[in-house]
Amino acid sequence: MSAALRALGLRATAVDRRGGVDLLERDVQDRILAQIAAGQFRHVHLAPPCSSFSLPFWAMWRSSGATRSSRHPEGSAHPHPKEVEGNKHVAFTCRVIDACNASGVTYSIEQPLTSLMWLMPSLRGRLAAAGVFHARVDMCACGEEYKKPTVIAGTAPGLASLNLRCTGDHEHVLLQGSGPKGSRTAQAASYGVGFARVLAAAIVGVTGDQGRAGAAVRVRDDPGPRVVATVEGDLGEAAERPPPPQPSGAELEGARAVVRVVDAAPAVWQAAAFREVAEAGNALLVTAGDAGRASSAFRVALKEAHGDHMDPERIRGLGAYLGEDHLRYLLRVAEQGVGMAYRGERVRRKGLAYQSAKDHLDEAFSQLWEEVKKG
Ligand SMILES: [Zn+2]
């Protein structure tokens, strides 16, 4: 989903369990709600875990221990632990919707058509409000082998005209048991590329009624995609970038030194090794005078040592699989790098510390180190 949004030229932040973030943690919730209130997002997409609301769970109540039903979607007085967790996700989802509504931010929420979550009174009340659209997408209409009818409700205007139904001229893979890639239901729970693209387009507003797309930012070649400035949190514009500078001899030497230090460093995180890398990097920054020149030189030195992992020819070969805009963006990154320029008003805001990261510093270090080692 994030990748599809980024392909449309937007900055997207994904927060999920796969990324190591537990949305039921109080700190995480407070941070997200504060970010919405501070106007840091133009749109929030919610995909709460549907497991305890899903048909395979509640319909098999004898074996699964489910207590939900259409009459009691929240479950009985003694719900299954999965249901307790599911209900907490719905409660947070409702708080996010309220925060979005209060700040004029559009939102969308997706669930399978048969999910009992749609019947949860708290959610149902909010989704019955004026200005909430309900869209339906069958996964087979997005190129998947299974049908899995899915509903997306929300306030993004693009959802008003989104309705992609099965064409009925093909067979479906049933979502039960295992396929070659493991559990079929689990497989279908992760995003198909086609669905992510459809959804991203609806959120951005490039399909349907384009005139009303005010929620997110449309992508144009000129004057360039608009970006969120890291510090400001507001939308500005990526400035036109000149081609990357030719590094001077001294810059190139400094960059080669960084590459050498990184290559010689051990594969796992070590404070001393990191200090050496940081020192070499700082020396390069001092020589280059700014981060843009330093990273250009680093890229040249990295290519000398390890070849080009962003070979434009190879990227062009992906043309059959990627959207035109996505391909264009990748090629630009391969040829010119990622733009660091930002044009727009600059306002300093106090940052929100990533609270849960403080308890996982080791993990953060190894993650960081992995990226350093990859160049
Ligand atoms: Zn179909």
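Leaving aside neighbours within four places in sequence, which residues is Tyr107 in contact with? In this predicted model, the contacts of Tyr107 outside that window are His43, Val44, Leu46, Val96, Ile97, Cys100, Gly154 and Thr155. Two of these partners, Val44 and Val96, appear again with Tyr107 and Ala202 as the residues with the most contacts inside the largest nonpolar core. That core has 32 residues. At least two residues of the core come from each of helix H1 (2-7), helix H2 (26-37), strand S1 (43-46), helix H5 (81-103), strand S2 (106-112), strand S3 (133-138), strand S4 (149-154) and helix H8 (193-204). Helix H8 gives the largest share, 7 residues. A second core, separate from this one, has 10 residues, including Ala255, Ala288, Phe298 and Leu302.

The protein chain as a whole contains 14 helices and 9 strands. Of its 375 residues, 26% are buried. Among contacts in the chain with a separation of 6 or more, 68% are between residues 24 or more positions apart.

Two helix pairs that share helix H11 were examined. In the pair formed by helix H9 (residues 249-264) and helix H11 (residues 291-306), the axes come within 8 Å and cross at roughly 60 degrees. H9 is therefore oblique to H11, and the crossing of the two is right-handed. On the H9 side, the contact is made by Glu251, Leu252, Gly254, Ala255, Arg256, Val258 and Val259. The H11 side contributes Arg293, Ala297, Phe298, Val300, Ala301, Leu302 and Ala305. Sorted by class, the contact of H9 with H11 comprises 10 nonpolar, 1 polar and 3 charged residues. Ala255 of H9, together with Phe298 and Leu302 of H11, takes part in this contact, and these three residues are also among those in the second core.

In the other pair, helix H10 (residues 271-288) packs with H11 at an angle of about 120 degrees, and the axes are 8 Å apart. The two helices are therefore oblique to each other. The crossing of H10 and H11 is right-handed. Leu284, Leu285 and Ala288 of H10 make the contact with Ala291, Arg293, Ala294, Ala297 and Phe298 of H11. The contact of H10 with H11 has 7 nonpolar residues, no polar residue and 1 charged residue. Ala288 and Phe298, both part of this contact, are also included in the second core. Arg293, Ala297 and Phe298 of H11 are listed in the contact with H9 and again in the contact with H10.

Helix H9 also holds Val262. Val262 counts as buried because it has 21 C-beta neighbours inside 10 Å, the cut-off being 20 or more. Apart from neighbours within four places in sequence, Val262 is in contact with Val277, Val372, Lys373 and Gly375. Val262 and Lys374 are separated by 112 residues in sequence, while the C-alpha to C-alpha distance is 8.9 Å.

A further pairing across the sequence involves His360, which is located in the loop between helix H13 (324-336) and helix H14 (361-373). His360 is partly exposed, because 13 other C-beta atoms lie within 10 Å. Between His360 and Gly20 there are 9.9 Å in space, C-alpha to C-alpha, although the two are 340 residues apart in sequence.

Note on methods. Residues numbered from 1 in each chain as written. Predicted model: local features only at pLDDT ≥ 70, side-chain atom pairs only at ≥ 80, totals over all residues. Axes fitted to C-alpha atoms, helices over the stretch in contact; angles between N-to-C directions. Helix = DSSP H or I, 4+ residues; strand = E, 2+ residues; numbered from the N terminus. Parallel < 35°, antiparallel > 145°, perpendicular 65-115°, else oblique. Left-handed = near helix turned anticlockwise from the far one by under 90°. Contact = placed C-beta atoms within 7 Å. Nonpolar A, V, L, I, M, F, W, Y, C, P; charged D, E, K, R; others polar. Buried ≥ 20, exposed ≤ 12 C-beta atoms within 10 Å, placed from the backbone. Core = buried A, V, L, I, M, F, W, Y, C linked by C-beta atoms within 7 Å.
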